[in-house]
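Student: I am new to this one and would like to work through it step by step. Could we bring it up and begin?

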Amino acid sequence: TSDLRTAITVTASLFTGGVVTAGADGGSTDVRFTIDNATTGLQTTAGSYAITLVADGSDNNIVYGRYTDAADSNTEKTAFTLSVTDAGELTVTQAVAIAHSNTSSADEAVDLSGKLSLTIEHTDGDGDTASESLAIGAAVSFKDDGPSITALSTNAAGAVTVDETSDLGTAITGTASLFTGGVVSAGADGGSTDVRFTIDNA
């Protein structure tokens with residue numbers, strides 16, 4: 001509900017281990033994302049646009065979840081941004097609502113399992129390399145945000161009484177709502193509201 005467009009950063013590294021022994025030639029160490037499968041299987045809630053993982057062009061510590069907005073001249077937009085520090089600390093910024101298929105629950109999460117890894121690579125002074133990778137897609141999840149409605153109470157001012165003496169064949173409309181309460185919080189996924197009759201006993 002409250003995390004859209006907010007950078008969420010974990011307070012611990014995504015990995016343990018990964019200790020680099022540089023060797024006599026010294027060198028440098030790089031921690032970076034590796035996209036294992038760009039097709040995330042995720043979609044935006046609005047428009048049902050497929051989200052694809054795209055690496056940043058100049059910073060291998062950043063990956064974007066991108067989609068093409070057909071309703072906006074096929075503009076490529078960002079659904080979420082992932083960044084990682086060399087210490088393995090992950091930051092996720094979600095920009096738009098992501099679809100969740102389980103309509104019976106408003107609390108489930110979808111993730112990037114099998115889609116993304118973290119790679120540590122050391123290159124020594126004469127070009128020799130050593131690297132290790134760790135699948136971390138399951139550690140990136142997006143939780144659903146369902147709607148809620150406050151409790152309903154009968155509003156006596158909304159009652160309608162038809163007088164058969166003079167009102168037969170005449171539409172009598174109340175002057176107030178039948179209920180109080182019923183305030184809708186749509187949640188991040190938006191949507192529509194329907195007020196309807198339910199027959200409890202025909």
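Student: Which residue forms a salt bridge with Glu76?
Tutor: Happy to start there, and please keep in mind that this is a predicted model. Glu76 lies in strand S6 and its partner in strand S5, so the pair ties together parts that are ten residues apart in sequence. The closest N and O atoms of the pair are 3.3 Å apart, and the partner is Arg66.

Student: Is Arg66 buried or exposed?
Tutor: Let us take both ends of the salt bridge. Glu76 is exposed, because its relative accessible area is 51% and exposed means over 50%. Arg66 has a relative accessible area of 19%, and the limit for buried is under 20%, so Arg66 is buried.

Student: Over the ring of which residue does the charged end of Arg66 sit?
Tutor: Besides its salt bridge with Glu76, Arg66 has a ring to look at. The charged end of Arg66 is 4.2 Å from the centre of that ring, which belongs to Tyr64.

Student: How far apart are the closest N and O atoms of Asp69 and Lys77?
Tutor: Asp69 is buried, with a relative accessible area of 10%, while Lys77 is partly exposed at 26%. The two form a salt bridge, and the closest N and O atoms are apart by 3.0 Å.

Student: How many residues apart in sequence are the parts that Glu121 and Arg32 tie together?
Tutor: These two form a salt bridge, with 3.3 Å between the closest N and O atoms. Arg32 and Glu121 are also linked with Asp30 in a network of salt bridges. Glu121 lies in strand S9 (residues 116–123) and Arg32 in strand S2 (residues 28–35), so the separation in sequence is 89 residues.

Student: How many salt bridges does a search of the whole structure find?
Tutor: You have already met some of them, including Glu76 with Arg66 and Asp69 with Lys77. Searching the whole structure gives a total of six.

Student: What kind of aromatic pair do Tyr49 and Tyr67 form?
Tutor: The structure holds two aromatic pairs. In the pair of Tyr49 and Tyr67, the ring centres are 6.0 Å apart and the planes are at 10°. Planes under 30 degrees apart count as stacked, so this pair is stacked.

Student: What kind of aromatic pair do Phe80 and Phe142 form?
Tutor: Phe80 is in strand S6 (residues 75–84) and Phe142 in strand S11 (residues 141–143), 62 residues apart. Their rings are 4.8 Å centre to centre with 35° between the planes, and the pair is tilted.

Student: What is the relative accessible area of Phe80?
Tutor: Start with its surroundings: leaving out residues up to four places away in sequence, Phe80 touches a list of residues that includes Ile51, Leu53, Val63, Leu112 and Phe142. Both Phe80 and Phe142 are buried. For Phe80, the relative accessible area is 0%.

Student: Where does Val195 lie?
Tutor: Now we turn to the surface. Val195 counts as exposed at 65% relative accessibility, and together with Leu152, Leu178 and Phe179 it makes a nonpolar surface patch of about 420 Å². Along the chain, Val195 lies in the segment after strand S15 (184–185).

Student: How many strands does the secondary structure of the protein come to?
Tutor: Let us finish with the whole protein. Of its 202 residues, 25% count as buried. Its secondary structure has zero helices, and the number of strands is 15.

Technical notes
Residues numbered from 1 in each chain as written. Predicted model: local features only at pLDDT ≥ 70, side-chain atom pairs only at ≥ 80, totals over all residues. Heavy atoms only, no water. Patch = residues over 30% accessible without salt bridge, like charges linked within 9 Å, V, L, I, M, F, W, Y side chains within 5 Å. Areas by Shrake-Rupley, 256 points an atom, 1.4 Å probe, with all protein chains shown as cover. Salt bridge = Lys/Arg side-chain N within 4 Å of Asp/Glu carboxyl O. Helix = DSSP H or I, 4+ residues; strand = E, 2+ residues; numbered from the N terminus. Buried < 20%, exposed > 50% of the residue type's maximum accessible area, 1.4 Å probe, protein only. Phe/Tyr/Trp six-rings, centres within 6.5 Å; stacked < 30°, edge-to-face > 60°. Lys NZ or Arg CZ within 6 Å of the ring centre and 35° of its normal. Contact = heavy atoms within 4.5 Å.
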